[in-house]
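Could you look through the structure below with me before we discuss it? The notes are written for someone who has not seen it before.

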Amino acid sequence: MENILGKRTVIRILSVLLNNPLRKFSELELIVKSKVGKGAGAHAINELFSLNMIDIEKAGRTKIISLNIINPITFAAKQLFDQYKFLSLPENRISAILLFK
């Protein structure tokens, strides 16, 4: 996963956002939920914003961050995360899912 998306910090932040695609987070809340450091988290948020994968609104001094769900890159990342989750399941669960689809 890191080979495709880059830094682990970006992956953690993106994971939180993809698990809650319609929710808006404050910058600090997103960093805490992602379990990353403030400096690295802020840098990763700016990186995702430059790729247009997130939207940032200002509410006073606070940044409000949400997932840009209409971006094709975000859609592809969601598919990649779903595939990664699926492949990390135990083999018996994967075969049950595939057999009873």
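The numbered points below take up helix 2 and its packing, then the salt bridges, and then one asparagine.

1. Please keep in mind throughout that this is a predicted model. Helix 2, which covers residues 8-19, is a good place to begin, and its twelve residues reach 16 Å from the first C-alpha to the last, close to the 16 Å expected at 1.5 Å a residue.

2. Many side chains of helix 2 deserve attention for their burial, since Thr 9, Val 10, Ile 11, Ile 13, Leu 14, Val 16, Leu 17 and Leu 18 are buried in this helix. When reading such a list it helps to recall that an α-helix has 3.6 residues a turn, so residues three or four places apart point the same way.

3. Two packed helices are described by the angle between their axes and the distance between the axes. For helix 2 and helix 4, the latter being residues 38-50, the axes come within 9 Å and cross at roughly 75 degrees, and the two helices are therefore roughly perpendicular to each other. On the side of helix 2 the contact involves Thr 9, Val 10, Ile 13 and Leu 14, which meet Ala 40, Gly 41, Ala 44, Ile 45, Glu 47 and Leu 48 of helix 4. Sorted by character, the residues of this contact are seven nonpolar, two polar and one charged.

4. Helix 2 also packs with helix 5 (residues 72-87), at an angle of about 95 degrees and with the axes 11 Å apart, so that helix 2 and helix 5 are likewise roughly perpendicular to each other. Here helix 2 contributes Ile 11, Leu 14, Ser 15, Leu 18 and Asn 19, while helix 5 contributes Thr 74, Ala 77, Lys 78, Phe 81 and Lys 85. The residues of the contact of helix 2 with helix 5 comprise five nonpolar, three polar and two charged. Leu 14 is therefore worth marking, because it appears both in the contact with helix 4 and in the contact with helix 5.

5. How many salt bridges does a search of the whole structure find? There are four, and one of them joins Lys 7 and Glu 47, whose closest N and O atoms are 3.4 Å apart. Because Lys 7 lies in the loop between helix 1 (2-5) and helix 2, whereas Glu 47 lies in helix 4, the pair ties together parts that are 40 residues apart in sequence. Both partners are partly exposed, Lys 7 with a relative accessible area of 44% and Glu 47 with 27%.

6. Another salt bridge is formed by Glu 57 and Lys 24, whose side chains meet at 3.0 Å, N to O. Glu 57 belongs to strand 2 (residues 54-59) and Lys 24 to the loop between helix 2 and strand 1 (25-26), so the pair links distant parts of the chain, 33 residues apart. Glu 57 is partly exposed at 37% relative accessibility, and Lys 24 is partly exposed at 47%.

7. Arg 23 and Glu 29 also form a salt bridge, with their closest N and O atoms 2.4 Å apart. Arg 23 counts as partly exposed at 33% relative accessibility, as does Glu 29 at 26%.

8. Finally, is Asn 68 buried or exposed? With a relative accessible area of 7%, Asn 68 is buried, although its place is in the loop between strand 3 (62-67) and helix 5. Leaving aside neighbours within four places in sequence, Asn 68 is in contact with Asn 52, Met 53, Ile 54, Asp 55 and Thr 74.

Technical notes:
Residues numbered from 1 in each chain as written. Predicted model: local features only at pLDDT ≥ 70, side-chain atom pairs only at ≥ 80, totals over all residues. Heavy atoms only, no water. Axes fitted to C-alpha atoms, helices over the stretch in contact; angles between N-to-C directions. Helix = DSSP H or I, 4+ residues; strand = E, 2+ residues; numbered from the N terminus. Parallel < 35°, antiparallel > 145°, perpendicular 65-115°, else oblique. Contact = heavy atoms within 4.5 Å. Nonpolar A, V, L, I, M, F, W, Y, C, P; charged D, E, K, R; others polar. Buried < 20%, exposed > 50% of the residue type's maximum accessible area, 1.4 Å probe, protein only. Expected span 1.5 Å × (residues − 1).
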